[in-house]
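Q: Could you take a close look at one part of this model for me? I would enjoy a connected walk through a single helix residue and then a strand with its partners.

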Amino acid sequence: MHRRILQLGAVVGVVGALGGCQVLKTPPPVQTYRFGLPAELPAVGDNPSTTTVAIRRIEFPTASGSDRILGVTGTETAYIGGARWVSPASTLFDESLKAAFATRADRIRVLDRREPGASPLVLQVSISTFEARYSAPGAAPDVVISARGLLRSTQGQGRTIERVFTVTQPAAENRVSAIVDAFDTATRDINTQIADWTIQSAK
């Protein structure tokens, strides 16, 4: 994988001698990024929908659910060096999903996890893939996100339906900023699909 972008393992500090003194070199700076949220979060309208959905905490793979950005080339995995998510990826994805529903508050409303009462719909989203996938070392990667949505009705016979969503978003180039942009676009895309599917299924 391209050495300018990816690094394996932990960064090791190097101790050198300067004028007879041991000096620890300054570690390279780490830039933080976020993804999945619109520039401005939508405000709840005057006529929010009476249909509600409770969203369970999103399930994420251990390798990609933290604040590190996962890259994959074939069977090899590595984290993008010098870059981190500002919060764990699982947290940012959860916020993005809620924002997707917030833009549709006139059709469905997310029941806050601290809000009392039961919702007629319960949505569980499980992420199976959240990575920058390289076809070859040094190539511009594709960001791939796959999610399984499980929607359960708590009324009547308690019907449950499910669907698998997959989005592939090419990065414009093999640069951190371009890869982050691809994660941002792909996350908003897949969460829009999940929100629209939930609304359609609720009918």
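A: Happy to, starting with S201, which lies in helix α2, residues 176-202; helices (H or I, at least four residues) and strands (E, at least two) are DSSP runs, numbered from the N terminus. This is a predicted model, where local features need pLDDT of at least 70 and side-chain atom pairs count only at pLDDT 80 or more, while totals for chains, interfaces and linings use all residues. Residues are numbered from 1 along each chain as its sequence is written, and side-chain values use heavy atoms, with hydrogens and water left out.

S201 counts as buried because its relative accessible area is 18%; buried means under 20%, exposed over 50%, and partly exposed in between, using a 1.4 Å probe and protein chains only. Leaving aside residues up to four places away in sequence, S201 touches L151, R159 and I161 (contact means heavy atoms within 4.5 Å).

Now to the strand. In β6, residues 68-73, 5 of the 6 residues are buried. This strand runs antiparallel to β7, residues 76-85, with 5 bridges joining them; two strands pair if DSSP finds at least two bridges between them. Within that pairing, V72 sits opposite T77 of β7. The two strands make a hairpin with 2 residues between them, and G74 in the turn has a positive phi of about 60°.

β6 also pairs with β9, residues 121-134, this time in the parallel sense over 3 bridges. There, T73 has Y134 of β9 as its bridge partner.
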